[in-house]
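These are my notebook entries on a structure that I looked up one part at a time. I begin with a helix, go on to the cores, and end with a few single residues.

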Amino acid sequence: MFQSKQQLQAQTNVVSMEDSSASMQVDQNETLVHARDGMQNGGTELVIYNSKRLQDDLHTIGLKIKQHEDNIRLLKTHRYKLDDSILDLQVILGKYHSSSAPEVDNEDHSNHHSEEETTERILQHENTAAAVLSQMKMHYGTQASLLQVTQDVLGIVASLGKVEDENLSRLLSEYLGMDTMLAIVCKTLEGVKALETYDKEGLIIKSSGLHGLGTSIGRAIDGRFLVICLENLRPFAGEFVADDPQRRLDLWKPKLPSGESPPGFLGHAVNMINVDSANLFCVTATGHGLRETLFYNLFSRLQVYKTRADMLLALPLISDGAISLDGGVIRSPGVFSLGSRLDIDVIFPKFSGMSEKTDKYAETEKQIQELKRKKETLQDDLRREQSLLNQAKDTFERKKQEFVKFLAESSTFASQRQVQAARDRSTPR
């Protein structure tokens with residue numbers, strides 16, 4: 001309805017502009033002739049009338065210019081909203097692929113990077129806390145969660161999210177680093193305390209906590225390991241993307257001065273992680289899920305672009321770092337990671353639940369196509385309004401020149417009459 005009204009209004013404006021343009025050409029000649037005749041015959045009132053007439057014409061055209069400018073702003077606002085909606089839906093479908101993204105290799109990876117593959121990769125890091133925890137879960141299954149030391153443990157970072165695209169998974173894993181990918185995630189501070197105990201001198205008691213479990217299965221833990229406590233993280237305080245079953249965060253999208261998203265911008269990393277339904281809601285006592293706690297704190301507002309070139313062009317709009325599908329990494333404003341890509345063997349498993357949401361996938365694809373059609377219609381309306389605006393500005397410029405010329409001639413005639421009047425007064429009778 002809005003678009004049909006817009007088109008009707010645009011057509012009406014075209015007719016009115018053409019009529020007014022034609023009439024103004026006639027008015028211009030008539031006005032100047034009447035002005036000259038009026039001043040030559042002493043018709044001051046006629047001069048004033050013609051001056052007011054020109055000013056009214058300028059005012060009318062100025063109002064039309066403002067109307068077209070307002071329409072263009074409104075149409076652009078609608079277009080930007082459509083762009084954001086299309087981008088959100090494309091993130092939901094996992095459309096991150098880029099022709100410039102390098103191929104991993106020529107091996108068959110069809111069975112790789114499942115949850116089992118990720119667990120196997122973790123176990124290869126034998127003397128880590130992550131390996132001990134994964135070994136316990138493999139051997140004891142759900143009973144492992146009944147142990148006091150592990151009952152508050154949610155899992156390993158690498159096992160708590162999935163990614164649609166393998167290339168993106170590798171990039172996100174490299175960005176976080178191996179220590180973070182192998183970090184243990186606990187719900188509460190009490191769970192963190194249960195993992196490690198100390199004697200009076202502050203030394204670790206190797207026979208208790210996770211160290212004791214490691215010893216019991218022949219996997220002594222060496223060195224430090226990271227533990228993330230969800231209840232101590234500051235959760236994302238904003239809104240979620242509407243009608244999104246994955247509860248993606250409604251983050252501010254970078255915008256150019258024109259209001260458009262920078263070229264190649266694909267979305268935010270935190271929204272490109274798929275979280276199991278069990279961890280989407282109420283993981284913490286305060287009712288927050290993993291996306292707005294764990295993954296928001298790990299990635300914050302990390303932006304994802306198609307290429308390094310796109311990422312570098314958007315530098316002024318990057319506040320919390322960025323990555324590109326061809327391997328570019330910006331850690332934070334002014335901090336770049338250069339050199340060859342690191343080969344991180346523990347990466348997020350690939351999300352393979354597409355068969356379970358085929359209907360939803362098709363519906364989302366349909367929504368994207370519908371939004372793109374609406375955007376094309378808006379683009380047509382924008383071009384039409386811009387054309388009308390240009391016509392109005394041209395007419396305004398001609399009318400302004402006419403008015404300036406009229407004022408100049410009026411001033412000249414007035415000066416001449418003043419000189420003539422002065423001569424008449426000085427001439428003796």
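Entry one, a helix. I looked up helix α9 (residues 291–299) and found that 8 of its 9 residues are buried, so it is largely enclosed by the rest of the structure. Buried means under 20% relative accessible area, exposed means over 50%, and partly exposed lies in between, with a 1.4 Å probe and protein chains only. Helices (H or I, at least four residues) and strands (E, at least two) are DSSP runs, numbered from the N terminus. This is a predicted model, in which local features need pLDDT of at least 70 and side-chain atom pairs count only at pLDDT 80 or more, while totals for chains, interfaces and linings use all residues. I also note that residues are numbered from 1 along each chain as its sequence is written, and that side-chain values use heavy atoms, with hydrogens and water left out.

The buried residues of α9 are Arg291, Glu292, Thr293, Leu294, Phe295, Tyr296, Leu298 and Phe299. What do the buried residues of α9 pack against? I found α5 (166–176), α6 (178–181), β2 (184–186) and β3 (227–229), where contact means heavy atoms within 4.5 Å. Serine 300 follows α9 and has a positive phi, near 50°.

Entry two, the cores. The largest nonpolar core has 56 residues, and those with the most contacts inside it are Leu172, Leu294, Phe295, Phe299 and Phe348. Such a core is a set of buried Ala, Val, Leu, Ile, Met, Phe, Trp, Tyr and Cys residues joined through side-chain atoms within 4.5 Å. Two or more residues of this core come from each of α4 (129–140), β1 (153–156), α5, β2, α8 (209–216) and α9. Another core, of 15 residues, lies apart from it, and includes Ile65, Leu82, Leu93 and Leu389.

Entry three, serine 324. Is serine 324 buried or exposed? Serine 324 sits in strand β6 (residues 322–324), and I recorded it as buried because its relative accessible area is 0%. A polar atom of its side chain lies 2.8 Å from the backbone nitrogen of glycine 328. Leaving aside residues up to four places away in sequence, serine 324 touches Leu171, Tyr305, Lys306, Thr307, Arg308 and Met311.

Entry four, arginine 384. Arginine 384 belongs to helix α11 (residues 358–426), and I noted it as partly exposed because its relative accessible area is 30%. The C-alpha atoms of arginine 384 and histidine 68 are separated by 9.8 Å, although these residues are 316 residues apart along the chain.

Terms used:
A polar contact is a pair of N or O atoms within 3.5 Å; within protein, one must be able to donate a hydrogen and the other to accept it, and residues adjacent in sequence count only if both atoms are side-chain atoms.
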